[in-house]
There are 2 protein chains.
Amino acid sequence: MRVLGIDPGLTRCGLGVVDSSGGRAMSLVAVGVARSATDLPIAERLHAIGTEIDAWLDLHRPDAVAVERVFSQHNVRTVMGTAQVSGVAMVAAARRGLPVALHTPSEVKAAVSGSGRADKAQVAAMVVRLLRLDATPKPADASDALALAICHVLRGGAQSRIDAALAAARATRRQGTLA
Amino acid sequence: MRVLGIDPGLTRCGLGVVDSSGGRAMSLVAVGVARSATDLPIAERLHAIGTEIDAWLDLHRPDAVAVERVFSQHNVRTVMGTAQVSGVAMVAAARRGLPVALHTPSEVKAAVSGSGRADKAQVAAMVVRLLRLDATPKPADASDALALAICHVLRGGAQSRIDAALAAARATRRQGTLA
């Protein structure tokens, strides 16, 4: 199973692709960030990030997409942009019929490091260890996206397959309705 | 100038298209709501609303899109979904090279009714009057979307033309970069 993790953000949106070969065995496929210039209008910033996410989906063809669940209690100054990017990311995946899973930061910490209260450095160290990397991917958004993908692999094997089957069944039903 | 107003929402997303023929002269082209079933996963709900917005853009070919600006101070239970839909709406417009304007609820009230503190009924009554309708469009989201489009016409004639010119210039630059 190949998972694309997305850490939504308007200035930097983390993107990380991980291949799982069963259990805790997994490997890095790609990691990076989509960026948008802060002086562009919001619609064009979202479009730039969306275009990059589309390109990653087309290039890496993941079986599932894991997106960080955004809460309105977060940083009020940036939460709207973060929520908007998460919406764009989810639609990009749904348009391709891919199952989308949302994981909270606590769920990611717990799945990756064993503790929901782990700090960022501990989670990043586990990302390096699980993927057998030489160093922590930078910026932090890139490492966070890998943590999301790893979380999805560790939490979600069976659940993802059920979700994928349900999504496929709904897509078939929808096509039936349109036909 | 033809404007599509979008009142973002996950359960009901208001859509209203208005033609302006200069000054306060304008007419209704279409009004309605995009809906998504509350029992679907969030990604599929966003995809359903996004597909409907795409269909309205393709059918009505507006010159500009006006979206309600979402604030994080709003209803915390629904604000995330509203922000996500607004992101999907903005990208749908930006993908077509259309200028996107954001208007706050106060700006809409002030532009349509003359007072930023007008209540919903007063704004709805002005929508009926300005578009010479027989009755207030239902549900309220549909009427709110028309108010957004009207606000854009009344506030934004000159500004929209500037924004459209800038967006076109940026699109040309972008194509130059890609070529």
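**Salt bridges, sheet and symmetry in a predicted model**

Guide: In this predicted model, a network of salt bridges links Asp54(A), Asp58(A), Arg95(A) and Arg96(A).

Visitor: What makes the contact of Arg96(A) and Asp54(A) a salt bridge?

Guide: The side chains of Arg96(A) and Asp54(A) meet at 3.1 Å, N to O, and since the rule asks for a side-chain nitrogen of Lys or Arg within 4 Å of a carboxyl oxygen of Asp or Glu, the pair therefore qualifies. Arg96(A) sits in the loop between α2 (76-95) and β5 of chain A, while Asp54(A) belongs to helix α1 (residues 42-60), so that the pair, 42 residues apart, links distant parts of the chain.

Visitor: Why is Arg96(A) called partly exposed?

Guide: Its relative accessibility is 31%, and because the class in between buried and exposed runs from 20% to 50%, Arg96(A) counts as partly exposed.

Visitor: Which salt bridges does Arg96(B) form in chain B?

Guide: Among them is the one with Asp54(B), at 3.1 Å from N to O, which ties the loop between α2 (76-95) and β5 (100-103) of chain B to helix α1 (residues 42-60), parts that are 42 residues apart in sequence. Arg96(B) also forms a salt bridge with Asp58(B), where the closest N and O atoms are 2.9 Å apart, and this pair joins the loop to helix α1 of chain B across 38 residues. Over all chains, the count comes to 14 salt bridges.

Visitor: How do you know whether Glu68(A) is buried or exposed?

Guide: The relative accessibility of Glu68(A) is 19%, and because buried means under 20%, Glu68(A) counts as buried. The residue lies in strand β4 (residues 64-68) of chain A, and an unreviewed UniProt entry lists Glu68(A) under "binding site".

Visitor: What makes β3 and β5 of chain A edge strands?

Guide: Five strands of chain A form an open sheet of mixed pairing in the order β3-β2-β1-β4-β5, and β3 (26-35) and β5 (100-103) each have a single partner strand, so one side of each is left without a neighbour in the sheet. From one strand to the next, the twist averages 20°.

Visitor: How do you know that β4(A) and β5(A) pair?

Guide: Two strands pair if there are at least two bridges between them, and because four bridges join the parallel strands β4(A) and β5(A), the condition is met.

Visitor: Why are the two copies described as related by a two-fold rotation axis?

Guide: A turn of 180° with a shift of 0.0 Å along the axis lays chain B on chain A with an RMSD of 0.0 Å, and the copies are thus related as by a two-fold rotation axis.

Notes. Residues numbered from 1 in each chain as written. Chains lettered and ligands numbered in written order. Predicted model: local features only at pLDDT ≥ 70, side-chain atom pairs only at ≥ 80, totals over all residues. Heavy atoms only, no water. UniProt positions renumbered as here; feature names shortened; annotations may be inferred. Buried < 20%, exposed > 50% of the residue type's maximum accessible area, 1.4 Å probe, protein only. Axes fitted to C-alpha atoms, helices over the stretch in contact; angles between N-to-C directions. Least-squares fit on C-alpha atoms with pLDDT ≥ 70 in both.
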